[in-house]
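New to this one? Take a look at the sequence and the model below, then let's walk through them together.

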Amino acid sequence: MNSTSSIFLLLSCLLVLCVQGEPSTGSRKCKCLNGYIGRVRPELLKSEPRVYQPSSFCPELEIIIVLGTKEKCVNPESRFGQHVLSRQERKRAARSTTASQSNTESSTSL
């Protein structure tokens with residue numbers, strides 16, 4: 001293999017690695033830049049709240065809800081924000097418990 005081929009191969013590999021490291025949304029900033037709402041009437045929610053954990057692209061914990069046709073950011077420190085986070089934690093614990101019970105049942109049936 002000549003040096004031109006080696007350099008081309010190296011640059012191709014670096015390009016692939018750089019592209020794979022990009023965020024899937026194409027955005028490198030937080031979603032909640034226009035402030036937060038603190039109070040929410042749960043009956044107005046159109047879907048489950050989405051929780052985004054801090055990452056290298058946004059160091060903030062973000063909770064986004066849909067009210068009507070608009071997405072709104074909820075203050076994670078508000079009463080409603082704390083409710084959403086504790087509910088998410090309970091769901092995660094329930095899924096973990098269900099998965100471990102399923103694994104135990106399948107291993108005992110062998």
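## A pair to start with

Let's begin with one pairing: Ile64 has Cys73, in strand 3, as its bridge partner. One thing to keep in mind as you look around is that this is a predicted model.

That pairing belongs to a longer match-up. Strands 2 and 3 run antiparallel to each other and are joined over five bridges. Together they make a hairpin with two residues in between, and Gly68 in the turn has a positive phi of about 65 degrees.

## The overall layout

Stepping back, the protein has two helices and three strands. If you follow the chain along its sequence, you meet them in the pattern α-β-β-β-α.

How much of the protein is buried? Of its 110 residues, 18% are buried. As for who touches whom, take the contacts with a separation of 6 or more: 47% of these are between residues 24 or more positions apart.

## The sheet

The three strands make an open sheet in the order 1-2-3, with antiparallel pairing. Strand 1 (50–52) and strand 3 (70–74) are the edge strands, and each of them pairs on one side only. Going from one strand to the next, the twist averages 30 degrees.

On the strand 1 side, the antiparallel pairing with strand 2 has three bridges. Look for Tyr52 here: its bridge partner is Glu62 in strand 2. Strand 2 itself is mostly covered, with five of its six residues buried.

## The nonpolar core

Which residues make up the largest nonpolar core? There are eight of them: Val40, Val51, Ile63, Ile65, Val74, Phe80, Val84 and Leu85. Strand 2 (62–67) and helix 2 (79–108) each bring at least two residues to this core. Helix 2 gives the most, with three residues.

Val74 is a handy residue to click on if you want to explore this region. Beyond its neighbours within four places in sequence, Val74 is in contact with Tyr36, Ile37, Val40, Ile63, Ile65, Phe80 and Gly81.

## The largest pocket

Now for the largest pocket, which has a volume of about 250 Å³. Its lining is made by Pro42, Leu45, Glu48, Pro49, Val51, Phe80, His83, Val84, Arg87, Gln88, Lys91 and Arg95. Helix 2 supplies the largest share of that lining, seven residues.

Some names here may ring a bell. Val51, Phe80 and Val84 line this pocket, and Val51, Phe80 and Val84 are also listed in the largest nonpolar core.

## Two buried loop residues

Pro76 sits in the loop between strand 3 and helix 2. Is Pro76 buried or exposed? Its relative accessible area is 11%, so Pro76 counts as buried. What is Pro76 in contact with, leaving aside its neighbours within four places in sequence? The partners are Tyr36, Leu61, Ile63, Gly81, Gln82 and Leu85. One of these, Leu61, is 15 residues away along the chain, and its C-alpha atom is separated from that of Pro76 by 7.0 Å.

Cys30 is another loop residue to visit, and its place is between helix 1 (3–20) and strand 1. Cys30 has a relative accessibility of 16%, so it counts as buried too. Leaving aside neighbours within four places in sequence, Cys30 is in contact with Phe57, Cys58, Pro59, Glu60 and Glu62. Measuring from C-alpha to C-alpha, Cys30 and Pro59 are 7.9 Å apart in space, with their positions 29 residues apart in sequence numbering. You have already met Glu62 in the sheet, as the bridge partner of Tyr52.

Technical notes. Residues are numbered from 1 along each chain as its sequence is written. This is a predicted model: local features need pLDDT of at least 70, side-chain atom pairs count only at pLDDT 80 or more; totals for chains, interfaces and linings use all residues. Side-chain values use heavy atoms; hydrogens and water are left out. A nonpolar core is a set of buried Ala, Val, Leu, Ile, Met, Phe, Trp, Tyr and Cys residues joined through side-chain atoms within 4.5 Å. Buried means under 20% relative accessible area, exposed over 50%, partly exposed in between (1.4 Å probe, protein chains only). Helices (H or I, at least four residues) and strands (E, at least two) are DSSP runs, numbered from the N terminus. Contact means heavy atoms within 4.5 Å. Two strands pair if DSSP finds at least two bridges between them. Axes are lines fitted to C-alpha atoms, for helices over the stretch in contact, and angles run from 0 to 180 degrees between N-to-C directions. On a 1 Å grid over the protein atoms alone, a cavity is a set of points where a 1.4 Å probe fits but cannot get out, and a pocket is an open set with protein on both sides within 12 Å along at least five of seven lines; lining residues have an atom within 4 Å of a point. Grid points are joined across faces, edges and corners, and a volume is the space filled by probe spheres set on the points.
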